[in-house]
Amino acid sequence: MATTTSTAARTSLASVALEVADVEAARRFSSAFGVDAYIRLRASEAHSTGFRGFTLGLTVSRPATVDGFLGAAVDAGATVLKPAAKSLWGYSGVVRAPDGTIWKIATSAKKDTGPDTRAIDEVVLLLGVESVKATKQFYAERGLTVAKSVGGKYVEFAAGQSSPVKLALYKRRALAKDLGVPVDGSGSHRVVLGGTADAFTDPDGFAWEAAAPDAPTPS
């Protein structure tokens, strides 16, 4: 009987690189937004249209901090996709950065217990996939540890010591709906995941490469 778990390279997420047309402009935005410690930027003119199939999420402690990050993003040139609002799960808003990356800022709290702290509790790279179950198995066979799994709808992997960003999976159509964008998209995802093993591409076309040793960490 053939097995894949014994021969697959063991890996974990070490870095996240966004491919952008203008690196300096993207760097100015990420610095003003307050996320430059969590991502890398690289120049790319790869064709990409519509929904790129992923989002980067910031989890914060209170609504005032959500508002603070959204305001900083808009001041730096982002477009609001979903204004901040309460929901069943808390309080959140969604913006698209000038380079096209979609960011969601959210808290589970619905009421403020203090002022904006501009502190990030967690950063999550959420990939929109066709089959959560199949992609979950693909990553588990490569050494990623499942930390949370909700049926075939959502999977979260344990954060590695080498990266400040957590990896998670969600149905692509559901993710687009949550972000307030059409699900259609083609071309490059414009994101590359750095791993602690050899390069590979997952079932949904997200590319991994061997991460450089100087992956960013929060300051």
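**Entry 1: β11 and its neighbours**

I began with strand β11, which is mostly covered, five of its seven residues being buried. The model I am reading is a predicted one. I then looked up what pairs with β11. On one count, β8 and β11 run parallel and are paired over seven bridges. Two of the residue pairs I noted are Leu126 opposite Ala168 and Leu125 opposite Leu167. I also found strand β10 (residues 154-157) paired with β11, here in the antiparallel sense and over three bridges. In that pairing Glu156 has Ala168 of β11 as its bridge partner. Ala168 therefore turns up twice in my notes, opposite Leu126 of β8 and as partner of Glu156; I recall that side chains in a regular strand alternate between the two faces of the sheet.

**Entry 2: β8**

How many of the eight residues of β8 are buried? I read seven, and I put the strand down as mostly covered. Besides β11, I checked β4, which pairs with β8 in the antiparallel sense over six bridges. Thr55 is the residue that stands opposite Leu126 of β8 there.

**Entry 3: the eight-stranded sheet**

I next wrote out the whole sheet. Eight strands make it up, in the order β5-β6-β7-β4-β8-β11-β10-β9, and the sheet is open with mixed pairing. Why do β5 and β9 each have one side without a neighbour in the sheet? Both β5 (79-87) and β9 (146-150) stand at the edges and have a single partner strand each, so one side of each stays without a neighbour. I also took the average turn between neighbouring strands of this sheet, which is 20 degrees with direction ignored.

Toward the β5 end of the order I looked at β6 (residues 90-96) and β7 (residues 102-107), which run antiparallel and are joined by six bridges. One of the pairs is Gly93 with Ile105 of β7.

Two helices that pack on this sheet went into the notebook. Helix α2 (residues 63-75) touches β4 (54-59), β5, β6 and β7, and its direction makes about 10 degrees with that of β6. Helix α4 (residues 172-179) touches β4, β5, β6, β7, β8 (122-129) and β11 (165-171). The direction of α4 makes about 105 degrees with that of β11.

**Entry 4: the largest pocket**

I looked up the largest pocket and read a space of about 1,100 Å³. The lining has 29 residues, and Trp89, Lys104, Ala106, Leu126 and Asp178 lie nearest the centre. Leu126 is the residue I had already noted opposite Ala168. The elements that give two or more residues to this lining are β4, β5, β6, β7, β8, β9, β10 and α4. Which element gives the largest share? I found β5, with five residues. Sorted by class, the lining has 13 nonpolar, eight polar and eight charged residues.

**Entry 5: the five-stranded sheet**

I then turned to another open sheet, formed by five strands in the order β2-β1-β13-β15-β14 with mixed pairing. Its edges are β2 (40-43) and β14 (200-201); each has a single partner strand, so one side of each is left without a neighbour in the sheet. Strand β1 (residues 13-20) and strand β13 (residues 191-195) run antiparallel, with five bridges joining them. Leu13 has Gly195 of β13 as its bridge partner. Helix α1 packs on this sheet and touches β1 and β2, its direction making about 160 degrees with that of β2.

**Entry 6: the cavity**

How many cavities of 30 Å³ or more does a search of the whole structure find? I got one. The largest cavity holds about 40 Å³ of space. I listed its lining as Leu18, Ala26, Phe29, Ser30, Val35, Ile39, Leu41, Asp99 and Trp103. Helix α1 (residues 23-33) gives the most to this lining, three residues. By class I have seven nonpolar residues, one polar and one charged.

**Entry 7: Ala134**

Last, I checked Ala134, which is found in helix α3 (residues 132-140). Its relative accessibility is 40%, so I entered Ala134 as partly exposed, the class between buried (under 20%) and exposed (over 50%). I also took the C-alpha to C-alpha distance between Ala134 and Ala64: the two are 38 Å apart in space and 70 residues apart in sequence.

Definitions and conventions
Residues numbered from 1 in each chain as written. Predicted model: local features only at pLDDT ≥ 70, side-chain atom pairs only at ≥ 80, totals over all residues. Heavy atoms only, no water. 1 Å grid on protein atoms, 1.4 Å probe; cavity = no way out; pocket = protein on both sides within 12 Å on 5 of 7 lines; lining within 4 Å. Points joined across faces, edges and corners; volume = space filled by probe spheres on them. Helix = DSSP H or I, 4+ residues; strand = E, 2+ residues; numbered from the N terminus. Nonpolar A, V, L, I, M, F, W, Y, C, P; charged D, E, K, R; others polar. Pairing = 2+ DSSP bridges. Axes fitted to C-alpha atoms, helices over the stretch in contact; angles between N-to-C directions. Contact = heavy atoms within 4.5 Å. Buried < 20%, exposed > 50% of the residue type's maximum accessible area, 1.4 Å probe, protein only.
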